[in-house]
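Reader: Please walk me through this protein, from its interior to a few backbone details. I would like to follow along on the sequence and the model.

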Amino acid sequence: MRVSLLGTGDTTGTPTVGCDCDTCAAARERGVERTRFSVHVENERLEESLLIDFSPDFRYQFLRDEVPLPDAAVVSHIHFDHLDGLGNVFRVLDSLEVYAADETDPQTGKSVAGTVRDDYHYLDPLTVVPTTPLETVRICGLDVTLVPVDHPPLVCYGLAVEDPVTGAKLSLTGDTSYDVPEESRAVLADADLLLADGIVPASLCEYHPLGGRHEDADGVPRTFGTKHMTREGALGLAAELNAEQTRLVHLAHFYPADEAFEEPLAIDGEQYVL
């Protein structure tokens, strides 16, 4: 299983357009970037690949990293930085199955699958596959399980991807607070590689209008506001999940420049063979 981190940034990415903060300047100087979130998983045994989320930077990411176009995809939730790149498959792919959760979101009255189907009805190559969370499906020869996480006000899902032949396992928390349900944690546990949402360091919670939540024993917030984990929360969750290796993703340019490129914060273009 070859895992390529196509996009490791949050909704604006790093560098952010029109921003001259120290972190964005440092990214330009280093020649690194964090585009909007997307992960490419290639089953090299079958020469098939799975895309997790459709970044608005889809075209650029695939040209830059020269990974194969996907044979199938999974959508974690309907925020634009995870979904709006789907329009890029127009005239690029002849067919594409997109797996998405079938649970109705009380906020929208639709499931993620229903929203994808309705919003992209004009894409002839597209086949939306409604998928029940916590039930494993076989995609591109890999066992994929969507798990509910906590990203109010919309439903959102993390996922585990496991190779049934080698046992290699990739887990993604999805966009979430630290309040991941126990049944979801059980599915995500014991991954060879965990990609965890760690949008900012906990020290920045004082600047969020809602502050921080889910403090640890030392009073350090593990959730920034209500929607995303802090760096400390993501690393705490990784330890609880017994991940062999962890990379933090969905990173904001608000990280101080002297912290923004430290381990284990990911940047675009990283690849891992599990």
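**Inside the fold**

Reader: What covers the buried residues of H4?

Author: In this predicted model, helix H4 (residues 112–119) has Val 112, Ala 113, Gly 114, Thr 115 and Val 116 buried. Buried means under 20% relative accessible area, exposed over 50%, and partly exposed in between (1.4 Å probe, protein chains only); helices (H or I, at least four residues) and strands (E, at least two) are DSSP runs, numbered from the N terminus. Contact means heavy atoms within 4.5 Å. The cover includes strand S4 (72–75), helix H3 (80–83), S5, strand S6 (126–131) and strand S9 (157–162).

Reader: Thanks! How should I read the numbering and the values, and how many helices and strands are there?

Author: Residues are numbered from 1 along each chain as its sequence is written, and side-chain values use heavy atoms, with hydrogens and water left out. Local features need pLDDT of at least 70 and side-chain atom pairs count only at pLDDT 80 or more, while totals for chains, interfaces and linings use all residues. As for the protein chain, the count is six helices and 16 strands.

Reader: What radius of gyration does the protein chain have?

Author: The C-alpha trace spans about 50 × 40 × 40 Å along its principal axes. For 274 residues, a compact globule would have a radius of gyration near 19 Å (2.2 Å times the number of residues to the power 0.38, taken over C-alpha atoms). The protein chain agrees with that, at 17 Å.

Reader: Which residues have the most contacts inside the largest nonpolar core?

Author: Of the 274 residues, 55% count as buried. A nonpolar core is a set of buried Ala, Val, Leu, Ile, Met, Phe, Trp, Tyr and Cys residues joined through side-chain atoms within 4.5 Å. The largest one has 50 residues, and the two with the most contacts inside it are Phe 54 and Leu 86.

Reader: Which element gives the largest share of this core, and which residues are among those in the other core?

Author: The largest share, five residues, comes from strand S5 (residues 96–101). Apart from this core lies another one of 22 residues, including Ala 26, Leu 194, Leu 241 and Ala 260.

Reader: Leu 194 catches my eye; which residues does Leu 194 contact beyond its neighbours in sequence?

Author: Leu 194 sits in strand S11 (residues 193–197). This residue is buried, with a relative accessible area of 0%. Setting aside neighbours within four places in sequence, its contacts are Ser 171, Leu 172, Thr 173, Ala 238, Leu 241, Ala 243, Gln 245, Thr 246 and Arg 247.

Reader: And Thr 230: is this residue buried or exposed?

Author: Thr 230 is in the loop between strand S14 (228–229) and helix H6 (231–241). Among the residues Thr 230 touches are Asp 197, Pro 201, Cys 205 and Phe 224. With a relative accessible area of 0%, Thr 230 is buried.

**Backbone details**

Reader: Which residues does the cis peptide bond with omega near 0° link?

Author: One cis bond, with omega about 10°, joins Pro 152 and Pro 153, and Pro 153 is in the loop between strand S8 (142–148) and S9. The bond with omega near 0° runs from Thr 14 to Pro 15.

Reader: What relative accessible area does Arg 91 have?

Author: Arg 91 lies in the loop between H3 and S5. Although not a glycine, Arg 91 has a positive phi of about 65°. Arg 91 is exposed, with a relative accessible area of 75%.
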